[in-house]
Amino acid sequence: MNKVTSNSEAMTRVGPDTPMGNLMRQYWLPALASSELKSDGDPVRIVLLGEKLIAFRDSSGRVGVMDHRCPHRCASLFFGRNEHDGIRCIYHGWKFDVEGNCLDIPNVSNGNEIKEKIHAKAYKALDRNGLIWVFMGPQDQVPPYPMLEAALIPEGEASIRFVQRNCNWLQALEGDIDTSHFGFLHAGSAELDDFQDDHPMRHTVTNRAPDYHVTDTDWGTSYGAYRLEENGSMSWRVANFVFPFWTQAPNSDFFTNVGVRAWVPMDDDHTMVVLISWKKSPGAYTGMPLKNGKPIPGFAPNIDYLPNTNDWYGRWRPVARWENDYEIDRDAQRQNIIYSGIKMVFMQDQAVTESMGGMTDHAFEHLVSSDQMIARTRRRVLKAALSLQDEGKLPPGVSNPEAMWRARSGTFHTEAHEDWQVAYEKNLKNAVRVISSTPLTQV
Ligand code: FES
Ligand SMILES: [Fe+2]
């Protein structure tokens with residue numbers, strides 16, 4: 001047993017035999033873009049839940065994801081020859097198919113007799129809608145495919161991006177459910193006069209200390225930040241945490257806002273963020289300029305990447321990073337052109353969450369009422385991990401993936417005193433769905 005010594009560690013550590021590591025192993029994990037693996041192409045090194053793995057695509061197009069160590073004498077299969085529907089270890093020539101079956105043991109005369117007994121440690125993999133998914137739990141208890149709407153967007157209609165973040169998955173994720181930072185980190189320089197009346201960022205500037213409600217749901221936790229408009233209606237921004245590591249942000253109209261982010265733990269202090277959105281969603285703030293027609297300072301539209309390398313941590317690294325202080329522009333900060341001095345929203349989040357250290361020390365924090373979504377999500381996550389450990393209770397969405405189909409974020413208006421959860425359910429019925437009916441696709 002990998003010892004965890006506090007609730008804090010129970011929530012954050014993800015290696016084998018940790019409470020949260022076991023919880024994460026109940027779910028399919030998005031790991032790579034389908035385009036990263038070519039038939040008979042080079043194997044790719046990935047790190048998931050503290051395990052070093054290789055991924056490859058065989059001659060028939062099937063995907064293999066397995067422990068990088070050859071089960072003979074542990075040479076890395078990363079150097080293997082991807083040939084004729086299998087990967088062949090370069091040390092003594094043993095060959096394995098995508099399921100880990102041993103196909104050939106050519107360095108001993110009785111190879112044909114013993115190969116049946118040898119298996120590479122392979123995990124179930126799925127290639128769906130532009131993403132490669134991996135299941136690292138009990139291989140005879142494979143759960144249904146996740147039913148988050150954004151994960152079901154047909155290939156070609158989804159925008160899928162990856163970004164590596166060098167800190168623990170939970171502290172990275174919490175940046176997405178921390179609503180009050182928006183008016184400072186991202187929009188601290190903005191003034192009300194900068195925006196047209198219908199600009200999605202106006203709310204931030206009118207109220208930098210948002211009021212909001214938080215609730216548990218079937219699939220995780222949800223908050224509704226509210227503000228009474230001058231016309232007497234209530235404006236809502238609803239955002240979600242969905243088990244085990246998904247977030248949905250309120251960055252456009254609820255009815256068409258199909259998008260999700262996965263905060264996939266690579267190990268305890270590295271996270272791969274997978275951003276999935278429907279190309280036809282109107283998108284967030286970046287697309288809408290200021291009243292004077294100029295782009296919003298600090299809202300650069302794209303992430304610049306370093307070239308990917310073969311290193312375990314070499315995929316999808318931004319150019320702006322800890323080593324160059326995220327290219328902070330102190331003049332822009334001093335003159336209040338960009339509050340943070342960092343030129344892009346996602347990188348502003350990257351800078352603050354990485355700056356806490358690889359794993360934040362929760363004992364050092366002072367949570368206040370603006371942190372109630374974070375506190376509630378932590379409690380929910382911890383309880384689910386301990387219930388799995390102590391009672392064998394499966395966490396939300398594993399055996400009832402259809403619950404995830406009802407997770408949607410975005411903005412909407414209600415009558416002043418209407419219950420936001422009632423309004424949510426009502427609006428969900430009328431929301432534009434990317435696929436027309438609830439798909440119950442099983443693996
Ligand atoms: S270590 Fe792989 S074949 Fe020997
Ligand atoms: Fe943010």
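Biologist: How do you know that the end C-alpha atoms of helix H9 (residues 372-391) are as far apart as they should be?

Modeller: The expected span is 1.5 Å times one less than the number of residues. For the 20 residues of H9 this gives 28 Å, and the end C-alpha atoms are 27 Å apart, which agrees. This is a predicted model, in which local features need pLDDT of at least 70, side-chain atom pairs count only at pLDDT 80 or more, and totals for chains, interfaces and linings use all residues. Residues are numbered from 1 along each chain as its sequence is written, while chains are lettered from A and ligands numbered from 1 in the order in which they are written. Helices (H or I, at least four residues) and strands (E, at least two) are DSSP runs, numbered from the N terminus.

Biologist: Which residues of H9 are called buried?

Modeller: A residue is buried if 20 or more other C-beta atoms, placed from the backbone, lie within 10 Å of its own, exposed if 12 or fewer, and partly exposed in between. Met373, Ile374, Thr377, Arg378, Val381, Ala384 and Ala385 are the buried residues of H9. They lie on the same side of H9 because their arc (directions from the helix axis to the C-beta atoms) is only 135°. Exposed Asp390 and Glu391 are on the face turned away from that buried side.

Biologist: What makes strands E2 and E3 (residues 51-57) a pair?

Modeller: Two strands pair if DSSP finds at least two bridges between them. E2 and E3 are joined by 5 bridges and run antiparallel, so they qualify. Valine 47 stands opposite lysine 52 in E3.
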